[in-house]
Amino acid sequence: MTERVDGTGTAVAPPPPRGGSGGGRPERRPKPRSRARRPSLRARLHRDWQLLLMTVPAIGLLALFHYAPTLGNVIAFQNYNPWDGVTGSPWVGLAQFERLFGDPRFWRAVGNTLVIAGVQLLFFFPIPIALAILLDSVLSPRLRLLMQSIVYMPHFFSWVLVVTLFQQILGGAGLFSQWLRQNGYAPLEIMTDPDAFLFVVTSQMIWKDAGWGTIIFLAALAAINPNLYESAAVDGAGRWRRMWHITLPGLRPVIILLLILKLGDILNVGFEQFFLQRDAFGSRVSEVLDTYIYHQTLVTGNFSAGAVAGLVKGLVGLVLILVANKVAHKMGENGIYRRA
């Protein structure tokens, strides 16, 4: 062991080596800091009372128009009579459920709903994604704004106007049928043909809501780092390869999130669109759960049967959301929620 000399010429012993070897003291490690204590509920309420006060109107509307009406599902277990009310109507247990599940019209409505929802999921869901990618590739800002305005506009039309436009164009007395008559051909009866019902309603939904559905995907595209495209272009990747390896993976979390929400809402294919065309196409192909519930409650006056159908539809949607969210977790995505 060598000695070192200080400025005064006095020999100074070297410091003891660190660690437990060589007779020196073992090194003292700093104690880990304890976690900061979480504020109490009272302290958090006092700290965030302004933010909580801002949410009171939204919570009130949600409780008044969503949670309070949920209590009305109790009539699903009663033989409900509006004159006697909830307290005066007799309890029948699960008799309304047995009656509903034994009704062939209910199962026909369920089958039509699932078929229509499957067709819309297969043909309608990818179109906003493709449309968003197409709009994002337009370089001219004016042309992009014009195209966005054109594809967004039908969303603000009511279903009455949409059905009327299709009837005036594709109906038996529409413009296209008149042109066929003038040229010696048979008129087009697509708006009353039951076999064309799926094509008509899917076309109506695509024309009306596909443009509006691109808003979320355009926002997701804006969040993708443009340097990734530049690096891929430098490496020689073409447009299709950049879309496959950069654009679609960047959209994947949003696509899975919207797909989960769509699966949970799969039994809600709409009411106005099918109610307006029910007489033209016939109830055999156009009867869905929403129109079935309407006829069971407001037409026949069987409010308990309508409540049972609505309750079953809500429970099925909840199960589908939970299952789809679990599958999203297995795929490595966050889904709509994730436990901390």
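Is Phe101 buried, partly exposed or exposed? In this predicted model, Phe101 has a relative accessible area of 38%, and because buried means under 20% and exposed over 50%, Phe101 counts as partly exposed. Let us take this ring as our starting point and walk on from there.

Phe101 has a partner. Together with Phe106 it forms an aromatic pair, with 6.2 Å from centre to centre and 50 degrees between the planes, which makes the pair tilted. The partner sits in another setting: Phe106 is buried, at a relative accessible area of 3%. These two rings belong to a cluster, in which ring pairs link Phe101, Phe106, Trp107 and Tyr292. Across the model, the count of aromatic pairs comes to 16.

Tyr292 brings us to helix α16, where it is one of the buried residues. This helix runs from residue 289 to residue 299, and it is mostly covered, with eight of its eleven residues buried. Besides Tyr292, the buried residues are Leu289, Asp290, Thr291, Ile293, His295, Gln296 and Thr297. What do the buried residues of α16 pack against? Their surroundings are made up of α4 (95–101), α5 (104–123), α13 (272–276), α14 (278–281), α15 (283–286) and α17. After the helix comes Gly301, which has a positive phi, near 80 degrees.

Among those surroundings, helix α17 (residues 303–330) deserves a closer look. The axes of α16 and α17 are 7 Å apart, and the two helices pack at an angle of about 155 degrees. Angles over 145 degrees count as roughly antiparallel, and α16 and α17 are therefore roughly antiparallel to each other. Their crossing is left-handed. On the α16 side, the contact is made by Leu289, Asp290, Tyr292, Ile293, Gln296, Thr297 and Leu298. On the α17 side, Phe303, Ala305, Gly306, Ala309, Gly310 and Lys313 take part. Sorted by kind, the residues of this contact divide into seven nonpolar, four polar and two charged. Tyr292 thus appears both in the contact with α17 and in the ring cluster.

Now let us move to another part of the chain. Helix α6 spans residues 126–136, and its buried residues are Pro128, Ile129, Leu131, Ala132, Ile133 and Leu135. What covers them includes α7 (141–152), α10 (197–222) and α12 (239–264).

Pro128 is a good residue to follow here. It lies in helix α6 and is buried, with a relative accessible area of 5%. Which residues does Pro128 touch, once its neighbours within four places in sequence are left aside? The contacts are with Ala210, Gly213, Thr214 and Phe217. Take Ala210 as an example: Pro128 and Ala210 are 82 residues apart in sequence, yet their C-alpha atoms are 5.2 Å apart in space.

Helix α10 also contributes a ring to our last stop. We return to the aromatic residues, beginning once more with Phe106, which is buried at 3% relative accessible area. By contrast, consider Phe157 and Trp207: their ring centres are 6.0 Å apart and their planes stand at 40 degrees, so this pair is tilted. Phe157 lies in the loop between α7 and α8 (159–170), while Trp207 is in helix α10, so the pair ties together parts that are 50 residues apart in sequence. Both rings count as partly exposed, Phe157 at 24% relative accessibility and Trp207 at 36%.

Key
Residues numbered from 1 in each chain as written. Predicted model: local features only at pLDDT ≥ 70, side-chain atom pairs only at ≥ 80, totals over all residues. Heavy atoms only, no water. Axes fitted to C-alpha atoms, helices over the stretch in contact; angles between N-to-C directions. Helix = DSSP H or I, 4+ residues; strand = E, 2+ residues; numbered from the N terminus. Parallel < 35°, antiparallel > 145°, perpendicular 65-115°, else oblique. Left-handed = near helix turned anticlockwise from the far one by under 90°. Contact = heavy atoms within 4.5 Å. Nonpolar A, V, L, I, M, F, W, Y, C, P; charged D, E, K, R; others polar. Buried < 20%, exposed > 50% of the residue type's maximum accessible area, 1.4 Å probe, protein only. Phe/Tyr/Trp six-rings, centres within 6.5 Å; stacked < 30°, edge-to-face > 60°.
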